Amino acid sequence: MLLTNDQFLLYLKKLFESNQKTGSVFVTLKRTNGQPPHKTNSNKKKKQATNYSCLCRATDGKKKISTYIEHRNIVRFQIQYNTLLQTNLKLVKKIVKKKKSKKSKFPRKSNIQKK
């Protein structure tokens, strides 16, 4: 569902809280000019100065939310988004990986007789 920037951040916070112990949240950012994609011939169409906006999507596999961020609001949104990530990523436990011992390809022969 398409939300305003502030509503998106509130729903994103709720997604992080609901998936804190188990689950994942996927966030994607994409530059867009707000128009649907279409095929153009580079010879016929002149380049026009466009103000790009940003499409931000988030999902946990069940709920999908998205928002358009206009070019003049990007800095303010990034600051709020950054603080939201910092507070929620501190709660995530770091995964401790076990070290695997290297096994040799050829087994050692411990019962070698000396002559």
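## Thr-67

Thr-67 is buried, with a relative accessible area of 0%. This is in a predicted model. The residue belongs to strand E4, which covers residues 64-69.

The side chain of Thr-67 makes a polar contact with the side chain of Asn-5, at 2.9 Å. Beyond its neighbours within four places in sequence, Thr-67 is in contact with Leu-2, Leu-3, Thr-4, Asn-5 and Phe-8. Cys-54, Leu-55 and Cys-56 are also in contact with Thr-67.

## Aromatic pairs

The whole structure holds two aromatic pairs. One joins Phe-8 and Phe-77. Their ring centres are 6.2 Å apart, the planes make an angle of 40 degrees, and the pair is tilted. Phe-8 is in helix H1 (residues 5-18) and Phe-77 is in helix H2 (residues 74-89), so this pair ties together parts 69 residues apart in sequence. Both Phe-8 and Phe-77 are buried.

Phe-77 also pairs with Tyr-81. Here the rings are stacked, with 6.1 Å between centres and 5 degrees between planes. Phe-77 and Tyr-81 are four residues apart in helix H2, which means a separation of about one helical turn. Tyr-81 is buried, as is Phe-77.

Which residues form one aromatic cluster? Phe-8, Phe-77 and Tyr-81 do.

## Charges over rings

Two tyrosine rings have a charged side chain over them. Lys-14 places its charged end over the ring of Tyr-11, 5.3 Å from the centre. Arg-31 lies over the face of Tyr-52, and the distance to the ring centre is 4.0 Å.

How values were computed: Residues are numbered from 1 along each chain as its sequence is written. This is a predicted model: local features need pLDDT of at least 70, side-chain atom pairs count only at pLDDT 80 or more; totals for chains, interfaces and linings use all residues. Side-chain values use heavy atoms; hydrogens and water are left out. Helices (H or I, at least four residues) and strands (E, at least two) are DSSP runs, numbered from the N terminus. Buried means under 20% relative accessible area, exposed over 50%, partly exposed in between (1.4 Å probe, protein chains only). A polar contact is a pair of N or O atoms within 3.5 Å; within protein, one must be able to donate a hydrogen and the other to accept it, and residues adjacent in sequence count only if both atoms are side-chain atoms. Contact means heavy atoms within 4.5 Å. Rings of Phe, Tyr and Trp (its six-membered ring) pair if their centres lie within 6.5 Å; planes under 30 degrees apart count as stacked, over 60 as edge-to-face and the rest as tilted. A charge sits over a ring if NZ of Lys or CZ of Arg is within 6 Å of the ring centre and within 35 degrees of the ring normal.
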